[in-house]
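User: I have a model open and a list of labels for it. Take me through what earns each label.

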Amino acid sequence: MSNAIDALIVGAGVIGCSIAFGLAGQGRRVQVIDKLPAAGYGSTSSSAAVIRTYYSTLPSTRLAWESLHHWRDYENFLGVTDERGMVHYTETGSLFLRTDDEDGLENLLTHQETLGIAYELWDDARLTKEMAWLDRTGYGPPRRHDDPDFGEPSGRQITRALYFPDSGYVSDPQLTAHNFQAAAEAHGARFQFNTAVEEFLVDGARASGVRLEGGEVINAPVVVNAGGPWSSGLNRLAGVADSMRVSNRPLRQEVCHVPLPASMAPKDDGGVALIADADIGNYARPDVGNKLMIGSMEPACDPVVWEDDPDGFNRSHSEQWTAQVYRQALRMPDLQIPGQATGVVDLYDVSDDWMPIYDKSDLPGFYMACGTSGNQFKNAPVAGQLMAGLIDWCESGHDHDAEPYHFPCRYTGGEINIGAFSRKRDAAATTGNVIG
Ligand SMILES: Cc1cc2nc3c(=O)[nH]c(=O)nc-3n(C[C@H](O)[C@H](O)[C@H](O)COP(=O)(O)OP(=O)(O)OC[C@H]3O[C@@H](n4cnc5c(N)ncnc54)[C@H](O)[C@@H]3O)c2cc1C
C-alpha cells in the first residue's frame with residue numbers, strides 16, 4: 001500500500017477527527033497527527049457538550065441548526081459502530097432566563113424565526129409552574145462572592161424566560177472524537193498519536209507537509225490546522241497568522257462539578273438540560289452521574305485569563321470555582337457546596353468575535369479550523385463536512401476569499417456561506433461571550 005497522502009490534519013480533537021471523516025469520505029488519503037495519546041484528549045475532553053441552536057449571527061445559527069440534525073441522526077450519519085461505544089445526544093430543551101429588554105436576545109430570536117426553529121416565551125406563571133424550585137430573585141449584575149453586595153437582591157424579579165426545545169447535551173465529548181476517528185478510519189484515514197508536529201514545510205509557494213518531532217517528514221499537498229488552543233501558535237509557525245484580520249487566543253476556563261440538586265433531577269419527561277442565566281453570569285446543566293456542571297458566561301466581574309502557553313497553564317481550580325458555585329447557589333437554594341473543588345480547568349480557543357474561523361490561509365494548501373471560542377463542539381459534525389467541502393472548492397481552483405464556498409445543508413435545506421467564518425472578516429456583532 002502506498003504511503004502517499006492527500007491531506008494531513010494536525011490535531012485529533014473533535015474538530016480534527018470530524019474533518020478527517022469529511023475528507024476521507026471524499027476518497028482522500030488522510031493522516032491525522034496528534035501529540036497527545038488519543039483522540040479528544042485536548043480541550044475536547046473538557047467540553048460541556050451542550051447542544052443548542054441560538055447564536056448571534058444567521059450563518060452561526062444555520063450551522064448549529066444543521067448540526068443538531070446530525071446529532072439526532074448520529075449513528076446513521078457516521079455509518080459505523082465504534083467498538084468503544086457510541087455517544088448519545090439527549091434532548092432535554094434549554095432555558096434562557098431573561099433579565100430585561102436590553103439583554104441582546106432579540107437578535108438571536110430573529111434568526112430562530114428566519115430558520116423556523118421553535119422557541120417559547122415563558123412568563124411568570126409558566127416559570128412558576130415548570131420551575132417552582134428556582135429562586136427567581138434578580139441579583140444582577142453578577143458579582144464575586146467576596147463583593148460586599150454579593151447576594152443582595154437588585155429589586156428586579158426574573159419573570160420571563162426563553163425555552164428552546166431543540167437543545168440538549170452529548171454524553172461524552174472525548175468518546176465523540178473517537179467515534180469520528182472510527183468513522184474516518186472506516187474510510188481509510190490513519191491516525192498517529194504521541195507525535196508533535198514541529199515544522200510546516202513549504203515547497204515553492206504551497207504547503208507541502210510537516211516535519212515531526214524526531215525529524216520525520218510527511219509530505220502532503222493539503223495541511224489542516226485543527227490544533228484547538230494550540231492553533232494560533234501553529235498558524236504563527238506556518239507563517240500565516242499575520243495575514244489574518246481575526247485573531248484567536250487560548251482563554252482559561254473552569255467548569256465546576258457539584259452534586260445535582262434534588263430539585264433539578266431529571267423528570268420522566270426529560271427536565272431542563274441547560275439554564276443560561278445572565279443575571280448571575282453562569283450556565284448550568286445536569287450531567288451523567290448525578291452531577292451539575294456550572295460554567296461561566298464571562299460576566300464583567302470575572303477576570304479574563306489569557307494563556308500564552310497551552311501546555312503550561314494551571315489546571316488546578318482557583319477562586320473562580322468558588323465564584324461560579326456561589327453564584328449558582330443564589331439561584332438554586334438546595335445546591336450543596338462540596339468542601340473540595342472538582343470539575344475541569346481547560347482552554348477555549350477564543351477569536352475576536354467568538355465565532356470560529358473555518359478557512360483557507362494565504363499559503364495555498366494550508367487550511368485552518370480554529371477560534372472555536374468555547375461553542376463549536378455542537379457544530380463539529382458540520383465543521384468536518386464544511387472543511388472538506390471548502391478544501392475541495394479551493395483545491396479545484398476557486399479563490400474562496402473572492403468567491404466563497406457555500407455549504408449545502410443536507411438535513412435542513414439551503415446553504416451556509418462559509419465566507420462568514422473567514423479569517424479576513426470584519427469582526428461580527430455577537431454577544432462577545434461563549435454564546436457566540
Ligand atoms: C471547558 C469547556 C467547555 C465547553 N463547552 C462547550 C459546550 O457546552 N458546547 C459546545 O458546543 N462547545 C463547548 N466547548 C468548545 C468545544 O469543546 C471546542 O470548541 C472543541 O472541543 C475544540 O475541538 P478542537 O478539535 O478544535 O480542539 P482540541 O480538542 O483541543 O484538539 C486539538 C488537538 O491538537 C493537538 N495538537 C496541538 N498542537 C499540536 C502539534 N504541534 N502536534 C500535534 N498535535 C497537536 C492537541 O494535542 C489536541 O489534541 C467547550 C470547551 C471547553 C474548554
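Analyst: What follows is a run of questions and answers on this predicted model.

User: Why is the chain called as compact as a globular protein of its length?

Analyst: First, the make-up: the chain has 9 helices and 22 strands. Its radius of gyration is 21 Å, and the globule rule gives 22 Å for 436 residues. The two values are close, so the chain counts as compact as a globular protein of that length. Along the principal axes, the C-alpha atoms fill a box of roughly 65 × 45 × 45 Å.

User: How many of the residues are buried, and how many of the contacts are long in sequence terms?

Analyst: Buried residues are 49% of the 436. Of the contacts with a separation of 6 or more, 73% join residues 24 or more positions apart.

User: How do you know that histidine 111 is buried or exposed?

Analyst: Count C-beta atoms. The cut-off for buried is 20 or more others within 10 Å. Histidine 111 has 21 inside 10 Å, so it counts as buried. This residue sits in helix α4, residues 105-114.

User: What does histidine 111 touch, beyond its neighbours within four places in sequence?

Analyst: Its contacts are Tyr55, Leu58 and Thr61. Threonine 61 is 50 residues away along the chain, yet the two C-alpha atoms are separated by 6.7 Å.

User: And lysine 360? What makes it buried or exposed?

Analyst: The test is the one just used: 20 or more other C-beta atoms within 10 Å. Lysine 360 has 25, so it is buried. Its place is in strand β19, residues 357-360. Beyond four places in sequence, lysine 360 is in contact with Tyr367, Leu390, Cys394 and His400. Leucine 390 lies 30 residues away along the chain, and the C-alpha atoms of the pair are separated by 7.9 Å.

User: What makes β13 a partner of β1, and of β20?

Analyst: Bridges. At least two are needed for two strands to count as paired. Strand β1 (residues 7-10) and β13 share 4 and run parallel. There, alanine 7 stands opposite valine 222. Strand β20 (residues 366-370) has 3 bridges to β13, also in the parallel sense. Phenylalanine 366 in β20 is the bridge partner of valine 223. Both counts pass the cut-off, so β13 pairs with β1 and with β20.

User: Which way do the residues of β13 point, and are they buried or exposed?

Analyst: Strand β13 covers residues 222-225. Val222 and Val224 point one way, while Val223 and Asn225 point the other way. All of them are buried.

User: Why are β3 and β4 described as standing at the edges of their sheet?

Analyst: That sheet is open, has 3 strands in the order β3-β8-β4, and its pairing is antiparallel. β3 and β4 (89-91) each have a single partner strand, so one side of each is left without a neighbour in the sheet. How does β3 qualify as a partner of β8 (residues 168-170)? The two share 2 bridges in the antiparallel sense. The minimum is two, so the pair counts. In this pair, isoleucine 51 has glycine 168 of β8 as its bridge partner.

User: How is the chain divided, and what touches across the divide?

Analyst: Domain 1 is 7-86 + 172-247 + 353-421, and domain 2 is 89-169 + 250-348. Their C-alpha centres lie 29 Å apart. The contact takes 23 residues from domain 1 and 26 residues from domain 2. On the side of domain 1 that touches domain 2, β3 (50-51) and α2 (58-72) each supply at least two residues. α2 gives the most, with 7 residues. By class, that side has 13 nonpolar, 7 polar and 3 charged residues.

User: Why is the ligand said to lie between the domains?

Analyst: Both domain 1 and domain 2 give residues to the shell around the ligand, so the ligand lies between them. The shell has 40 residues, and the closest are Gly11, Gly13, Gly42, Ser47 and Gly228. α1 (14-25), β14 (248-259) and β18 (342-351) are the elements that give two or more. β18 has the largest share, 4 residues.

User: What is that shell made of, by class?

Analyst: It has 21 nonpolar, 15 polar and 4 charged residues. Glycine is counted among the polar ones.

Methods: Residues are numbered from 1 along each chain as its sequence is written. This is a predicted model: local features need pLDDT of at least 70, side-chain atom pairs count only at pLDDT 80 or more; totals for chains, interfaces and linings use all residues. The radius of gyration is taken over C-alpha atoms; the globule rule is 2.2 Å times the number of residues to the power 0.38. A residue is buried if 20 or more other C-beta atoms lie within 10 Å of its own, exposed if 12 or fewer, and partly exposed in between; C-beta atoms are placed from the backbone. Two residues are in contact if their C-beta atoms, placed from the backbone, lie within 7 Å. A residue is near a molecule or strand if its C-beta atom, placed from the backbone, lies within 6 Å of it. Domain bounds come from an automatic or database domain assignment.
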